[in-house]
Amino acid sequence: MSDSPQGTTVFIDAFDAVLSDLDGVVYAGPHAIPGAPEALRGLAGRGVRLGYVTNNASRSTAEVAAHLRELGAPAEAEDVVSSAQAGAELLARKVPAGSKVLVTGSPALRREVEARGLVPVHSAEDGPAAVIQGFSPDLGWRDLAEASFAVAGGALWIATNTDLSIPQARGIAPGNGSLVNAVRAATAKEPLVAGKPEAPLFLTAAERLGARRPLVVGDRLDTDILGGNRAGFETAAVLTGVDTRQSILAARTEERPTYILATLDELYAPYAFPEALDGGWRAGRSAARVEGSTIRVSGRPDDLDAWRAACAAWWEARPHSDEPTDPEIVWEP
């Protein structure tokens, strides 16, 4: 088997595992993204292991796996690595066993805390040594206020993740990062972050699968792609969730994916890997070149290969960028 997707008939054959995000990749809200479960079921037949890496700390890994099976995706609890697990593990390394912890999150997060010998409490008046904050749709002002009181009083603060938004069936909704920001604004404190975009979550998942060359697949640059890049893995941004062709092109260096996929179905197709050619870059039948702050693209805006070429050209011209860029795109016939 080739060690490069550009040398394979089927893109996924260059990898031995997929580390997949959930929201925006497999499902949006309660519903499966069309074609995603079928694509994931096909991996086993090609000898590719599958693990799920999620920042959603509102459900247990068993509940996540059960939901995935209901949608038609293959999953067992041990296939899921969650930010709730990562957060509880980080917490257990920071405070002694038996410590009181204010859990601002779901019952699943509370169970993970209890499983590590810590004692969940509900109020800052209980004198918690730490606060762990994870997403739950049932959190309200009083919960955030109690977390703020405890953090301001000196309690260690751990956030399972800092996703500002999450895809839902009706659109994009506030995520745990938005709730973390409320506590940050009230306390002027910063949390330790356990889940994406930190590398340990991805490294743990790869180790669990015994993967030597995993592919991280996600819809968010600031969590999935950044975390996969930090772990040293190749990354694929899939366009079924939050980030778009335009935001990927404009991405800062740390958040640039190795590959861009329209849907998970493209795991089973040849990949038009961009190649340097005549002062520009070509992918498939499309080409792009940079002139100053302008990208001239020979191709159609609805052709993903044109965007792959544009990204290669722009990123070569702007190899180091700590902030998103804003190139002008000129489409040429």
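The largest cavity of this predicted model is lined by 19 residues, and D23, N55, N56, D163 and I166 are the ones nearest its centre. Its volume is about 160 Å³. Two elements give two or more residues to this lining: strand 10 (165-168) and helix 8 (221-230). Strand 10 supplies the largest share, three residues. By class, the lining of the largest cavity holds four nonpolar, eight polar and seven charged residues.

The count of cavities of 30 Å³ or more comes to three. The second largest encloses about 50 Å³. Its lining consists of V25, I33, P34, G35, A36, V238, T240, T263, L264 and D265. Of these residues, six are nonpolar, three are polar and one is charged.

The next element to consider is a sheet. Six strands form an open sheet in the order 5-4-1-13-14-15, and their pairing is parallel. Strand 5 (80-82) and strand 15 (259-261) are the edge strands; each has a single partner, so one side of each has no neighbour in the sheet. On average, neighbouring strands of this sheet are turned by 25° against each other, with direction ignored.

Within the sheet, strand 1 (residues 17-20) runs parallel to strand 4 (residues 49-54), and four bridges join the two. One residue pair can be named here: S20 has Y52 in strand 4 as its bridge partner. Helix 7 (residues 200-209) packs on the sheet, where it touches strand 1, strand 4, strand 5 and strand 13 (214-218). The direction of helix 7 makes about 155° with that of strand 4.

Conventions. Residues numbered from 1 in each chain as written. Predicted model: local features only at pLDDT ≥ 70, side-chain atom pairs only at ≥ 80, totals over all residues. Heavy atoms only, no water. 1 Å grid on protein atoms, 1.4 Å probe; cavity = no way out; pocket = protein on both sides within 12 Å on 5 of 7 lines; lining within 4 Å. Points joined across faces, edges and corners; volume = space filled by probe spheres on them. Nonpolar A, V, L, I, M, F, W, Y, C, P; charged D, E, K, R; others polar. Pairing = 2+ DSSP bridges. Axes fitted to C-alpha atoms, helices over the stretch in contact; angles between N-to-C directions. Contact = heavy atoms within 4.5 Å.
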